[in-house]
Amino acid sequence: NGVIQADVPTPIYGKALPSSTVTFSFAGAERSITLGAEEPHWETTVPPLPASAEPKTLHVTCELDGVLVHERNVTNLVVGDVWYVALQGSTGGGRGVVGEPVGNVRMLTPFAKKRTAPMPDRYKLNVSGYPKSRFFARWTVATGFAKELGRRIHAETGKPVGIVIMNTTRGVPIK
């Protein structure tokens, strides 16, 4: 349910079992990556895509010795403008409405609990590798400030808009 940036190459990466083969397909790009015996990570890059509100699906499989060991589909991805917004104080709408984003404006906010680390949240977006985890950041229906900002950007560009909202209320001054 996310938005990826239009007109720039998009890196896609993940973890897999060493010596496995990862097969990747997205928006017409297909790759097969064989990992080495000590290599647990894979990465590929999707060529620049034009803005489009047509939903796309990212499909990734992992096979070990010819046996399917994992499969993941990430659905309803659109290509448009992605904006990173660091707000001091309220995010103007909280975490958004959980559910499937529709239309041209979506937002992403961190779902992780606040940590005691000295680095402000505007530099951290913690996610778990498991989508059903409560710490997994999710694209949601935009609300509040993100909805209004996204609506105005979309009115100017006509492209789908993704707003990444980060809270900076950590007590560290913004410079």
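Arginine 152 forms a salt bridge with glutamate 148, their closest N and O atoms lying 2.8 Å apart; a salt bridge here is a side-chain nitrogen of Lys or Arg within 4 Å of a carboxyl oxygen of Asp or Glu. This is a predicted model, in which local features need pLDDT of at least 70 and side-chain atom pairs count only at pLDDT 80 or more, while totals for chains, interfaces and linings use all residues. Residues are numbered from 1 along each chain as its sequence is written, and side-chain values use heavy atoms, with hydrogens and water left out.

Both partners of this bridge lie in helix α1, four residues apart, about one turn of the helix. Helices (H or I, at least four residues) and strands (E, at least two) are DSSP runs, numbered from the N terminus. Glutamate 148 also meets arginine 151 in a salt bridge, with 2.6 Å between the closest N and O atoms. Arginine 152 counts as exposed at 54% relative accessibility, whereas glutamate 148 is partly exposed at 30%. For these labels, buried means under 20% relative accessible area, exposed over 50%, and partly exposed in between (1.4 Å probe, protein chains only).

The structure holds four salt bridges. Another of them joins the side chains of aspartate 81 and lysine 159 (3.8 Å, N to O). Aspartate 81 lies in strand β7 and lysine 159 in the loop between α1 (144–157) and β10 (161–167), so this pair ties together parts 78 residues apart in sequence. Aspartate 81 is buried, at 11%, and lysine 159 is partly exposed, at 24%. Together with Asp7, these two residues are linked in a network of salt bridges.

Turning to the whole fold, the chain has one helix and 10 strands, and 36% of its 175 residues count as buried. The largest nonpolar core (buried Ala, Val, Leu, Ile, Met, Phe, Trp, Tyr and Cys residues joined through side-chain atoms within 4.5 Å) has 17 residues, of which Phe24, Phe26, Trp42 and Leu58 touch the most other members. Strands β3 (21–26), β5 (41–46), β6 (52–64) and β7 (67–87) each supply at least two residues of this core. A second, separate core of nine residues includes Val85, Val105, Met107 and Ala146.

There is one aromatic pair, a tilted one between phenylalanine 24 and tryptophan 42, 6.3 Å centre to centre with 55 degrees between the planes. Rings of Phe, Tyr and Trp (its six-membered ring) pair if their centres lie within 6.5 Å; planes under 30 degrees apart count as stacked, over 60 as edge-to-face and the rest as tilted.
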